[in-house]
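Subject: Structure handover

Hello,

Here is the structure I said I would pass on. My notes on what turned up in it follow below.

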Amino acid sequence: MLQTVYRLLIELTNGRWTSVVLKGFARSRLSRFIVPSFAKVYHLNQEEMEKGLSEYPTLHDLFIRTLKKEAREIDQTDHAVVSPVDAVIEDVGQIRETSEIVVKEKTYSIEEMLGNQELLTKYLNGTYMILYLSPSHYHRIHSPVDGHVTKQWTRGKKSYPVNKWGVKYGVRTLAKNYRVMTEVKTEFGHVTIVKVGAMFVNSIETTHKGTELEKGSEIAYFSFGSTVVLLFEKDIFQIDPSIKTPKEIKVGEKIGFLKK
């Protein structure tokens, strides 16, 4: 019953015009009046922000805020993979031979997520990692590895919630939502960074130029809390043994190693 009610409410509120209104408000000058309240409610760390609260003209500008250069340190250990976002690592596991992953007792298809049969094969029996961003998190996305972008593409139209309720009761949110995917070739193999849109807001803006990525460099940003899914080719990734899910993580912190 709860599952049915949840889905109905989301379908009713996630329409085209609802999204337009919410997005419009967040980008309007009127939204600046709730910037202080938002910062207080979500306990934003103002010390690390590049600007003071009064310098954000809209709520959208606060969502996509940048940080002081020294606010995040990128782990430079040889072959280390770093977190691309400030987030909670919700789940880590193996991609099955059938292309399925199981997150919060719900099965998702990597084939459906990628929407590309040619790319799928290399990720079977590989590793996935789910990183969830709440509205309180820093919303910019950084490269977890050094490498060369081989492909970038989009899938999906609407975006449904990707919080714990959305993952539990939603319909294939991680594989169905609007998403922007970037495949990166490293010296060890391929990594795909799946950026999944959140409820109401499909805006995922790519900011990197060219095809070469440096670990820790900014590559995109979300306009609201959302999720990043990392996919690693078979046998190239070893998770850091200190990571036990759920785990709060910040950009640049080590999440594992690439290996040959």
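Two strands are taken to pair if DSSP finds at least two bridges between them. The model is predicted, and in it strand 9 (residues 190-196) and strand 13 (residues 227-232) pair in the antiparallel sense, with six bridges. K195 has V228 of strand 13 as its bridge partner.

Both strands belong to an open sheet of eight, in the order 11-7-8-9-13-5-2-15, with antiparallel pairing. Strand 11 (212-213) and strand 15 (247-249) are at the edges; each has a single partner strand, so one side of each lacks a neighbour in the sheet.

On the interior: the largest nonpolar core contains 30 residues, and L131, V228, L230, F232 and I255 have the most contacts inside it. At least two residues of this core come from each of strands 2, 5, 8, 9, 12, 13 and 16. A second, separate core has 18 residues, among them Y108, L114, L124 and V196.

F232 may be worth displaying. Apart from neighbours within four places in sequence, F232 contacts V81, Y123, G126, T127, H190, V191, F237 and L258.

On the surface, F25, L30, F33 and I34 make a nonpolar patch of about 380 Å². I34 sits in the loop between helix 2 (16-26) and helix 3 (35-41). Why does I34 count as partly exposed? Its relative accessibility is 34%, and the partly exposed class lies between the buried cut-off of under 20% and the exposed cut-off of over 50%.

Regards

Notes:
Residues numbered from 1 in each chain as written. Predicted model: local features only at pLDDT ≥ 70, side-chain atom pairs only at ≥ 80, totals over all residues. Heavy atoms only, no water. Patch = residues over 30% accessible without salt bridge, like charges linked within 9 Å, V, L, I, M, F, W, Y side chains within 5 Å. Areas by Shrake-Rupley, 256 points an atom, 1.4 Å probe, with all protein chains shown as cover. Salt bridge = Lys/Arg side-chain N within 4 Å of Asp/Glu carboxyl O. Helix = DSSP H or I, 4+ residues; strand = E, 2+ residues; numbered from the N terminus. Buried < 20%, exposed > 50% of the residue type's maximum accessible area, 1.4 Å probe, protein only. Core = buried A, V, L, I, M, F, W, Y, C linked by side-chain atoms within 4.5 Å. Contact = heavy atoms within 4.5 Å.
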